[in-house]
Amino acid sequence: MRVLHCTLDYAPRAAGGAEHQAQLQAEELSRRGHDVHVVCPRQGSEGSGLVGGVNVHRLWRINHRPAQTLTACASLAWFLLRHARAFDVIHVHLADVRADVATLVCRLMRRPVYVKIAAGGPGGEIGKLRGISWLTHYYGLRHAACVQAISGEIAAQLAGLGLDPERIAAIPNGFDPAVFHPAFDSERRALRRTLGLQEDRPIVLYVGRFARYKGLADLLAAWPRIASQSDAECVLSGFVAYDDPYPIPDGIGRVTVREWTSHPELLYRAADVFVLPSHVEGMSNALLEAMACGLPVVATRVGAAPEMVEDGVDGLLVPPGDQDALASALERLLADSGLRHAMGGKARDSVQNRYSLPAVVDQLEARYAVITYR
């Protein structure tokens with residue numbers, strides 16, 4: 001098949017979870033012999049070309065609001081008007097207004113559109129589109145050939161919009177098992193030396209966007225209490241999000257901030273506990289990857305986390321925004337190395353069985369194959 005993926009961003013620049021999944025899936029489809037292209041807005045002097053065997057087309061856009069969204073939509077519409085007929089499937093990652101534009105144009109061009117919802121709840125795409133639904137009537141979701149729900153929460157929201165259940169694909173995110181796997185104790189110590197991390201104390205790790213909706217303020221408010229009960233170090237790795245920025249404040253004891261890395265697997269293998277204090281999620285790539293690397297996790301009950309984590313078995317779940325519960329869960333794991341080891345092993349086994357990238361792309365290919373114009 002010839003497949004076009006539409007994203008907000010693409011490698012090699014820092015990108016969010018939806019863009020990361022787009023890259024993983026595009027490269028896996030390419031390895032399977034499909035002709036895969038990606039279209040995304042251009043920033044700065046970036047040019048189009050091959051990235052990991054995938055043809056990336058970076059389109060002109062004014063990178064300043066309020067013209068940003070308007071020009072991105074115009075460029076995408078123009079690209080699709082010229083090229084959509086060359087593709088068998090147009091796969092839109094993130095269901096914002098661009099999904100409406102892509103679906104409208106592709107219906108004119110008689111090409112099927114596959115839309116993926118990246119986050120659920122009031123802060124997810126469906127919630128955010130509610131403000132303009134009087135104008136769009138959720139056009140992209142209602143008329144796409146297939147809409148992917150990566151969590152039960154998202155599937156319920158789509159059902160609430162009246163979508164035919166046959167057009168809703170319950171397909172999760174995936175991880176590359178060749179990249180994300182546990183480290184032996186000797187490897188963990190060597191990695192810490194290489195990465196410049198403390199070798200003699202437990203490390204609690206967060207990887208992802210530095211955004212308010214990620215609950216980092218809750219984690220940092222709880223951290224002084226945690227630090228008073230243990231000698232743990234908190235490591236935060238990521239980049240400041242453009243949509244809801246949360247610059248990490250200075251002066252919090254035993255908190256280390258690191259830049260975004262294209263190799264987060266090294267940090268996972270060097271850490272002892274992974275934490276995800278989000279208020280809004282779809283299906284967290286970082287949570288999935290950390291579990292695949294054998295880390296016990298503390299996560300909030302949002303998005304797909306309750307489906308991924310069995311509370312008390314392969315991790316601990318807490319209510320979003322509850323700083324005391326977050327602190328208590330982290331303290332419990334930091335105080336018991338045996339519990340950390342047991343939960344981490346079960347976390348690894350759990351995701352290996354359900355979320356490996358080849359299995360996820362098998363499902364994606366099957367959906368592509370049956371999509372017909374509606």
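User: Two strands pair if DSSP finds at least two bridges between them. By that rule, in what order do the eight strands of the open sheet run in this predicted model?

Analyst: The structure is a predicted model. Its open sheet has mixed pairing. Neighbouring strands are turned by 25° against each other on average, direction ignored. Read across the sheet, the order is β3-β4-β2-β1-β5-β6-β7-β8.

User: Which are the edge strands of this sheet?

Analyst: An edge strand here pairs on one side only. One such strand covers residues 49-51, and the other covers 168-170. The edges are β3 and β8.

User: Which strands does β1 pair with?

Analyst: Strand β1 spans residues 2-6. With one partner it shares five parallel bridges, and histidine 5 has valine 38 as its bridge partner there. With the other, residues 89-93, it shares four parallel bridges. The partners are β2 and β5.

User: Which residue of β5 is the bridge partner of cysteine 6?

Analyst: β1 and β5 run parallel. Along this pair, valine 3 stands opposite valine 89. For cysteine 6, the partner in β5 is valine 92.

User: Is β1 mostly covered or mostly open, and how many of its five residues are buried?

Analyst: Buried means under 20% relative accessible area. Strand β1 is mostly covered by this test. Of its five residues, the number buried is four.

User: What residue in β4 stands opposite valine 39?

Analyst: Strand β2 covers residues 35-41, and β4 covers 54-59. The two are parallel and joined by five bridges. Opposite valine 39 stands histidine 57.

User: Which residue in the turn between β3 and β4 has a positive phi?

Analyst: β3 and β4 run antiparallel, with three bridges between them. Leucine 50 stands opposite asparagine 55 in this pair. The two strands form a hairpin with two residues between them. In that turn, a phi of about 60° belongs to glycine 52.

User: At what angle does helix α2 run to β4?

Analyst: Helix α2 takes in residues 67-83. It lies across β1, β2, β4 and β5. Relative to β4, its angle is about 130°.

User: Which helix gives the most residues to the largest nonpolar core?

Analyst: This core holds 99 residues. Those touching the most other members are Leu80, Leu141, Leu158, Leu236, Tyr268, Phe274 and Leu287. One helix, residues 216-229, gives seven residues, the most from any element. That helix is α9.

User: How many residues does the other core, with Val54 and Tyr114, hold?

Analyst: This core lies apart from the one of 99 residues. Its members include Val54, Tyr114, Ala145 and Leu364. Its count is 24 residues.

User: Which cysteine is in contact with tyrosine 268, leaving aside neighbours within four places in sequence?

Analyst: The contacts of tyrosine 268 include Phe180, Leu205, Val207 and Phe274. Ala286, Glu289, Ala290 and Leu295 are also among them. The cysteine in this list is Cys293.

User: Why are cysteine 106 and cysteine 146 left without a disulfide, and how many disulfides does the model have?

Analyst: A disulfide needs two cysteine sulfur atoms within 2.5 Å. Cysteine 106 is buried at 0% relative accessibility, but its sulfur is too far for a bond because the closest cysteine sulfur, in cysteine 6, is 7.2 Å away. Cysteine 146 is also buried, at 1%, and its closest cysteine sulfur, in cysteine 106, is 15 Å away, again too far. By this rule the disulfide count is zero.

Technical notes
Residues numbered from 1 in each chain as written. Predicted model: local features only at pLDDT ≥ 70, side-chain atom pairs only at ≥ 80, totals over all residues. Heavy atoms only, no water. Buried < 20%, exposed > 50% of the residue type's maximum accessible area, 1.4 Å probe, protein only. Core = buried A, V, L, I, M, F, W, Y, C linked by side-chain atoms within 4.5 Å. Contact = heavy atoms within 4.5 Å. Axes fitted to C-alpha atoms, helices over the stretch in contact; angles between N-to-C directions.
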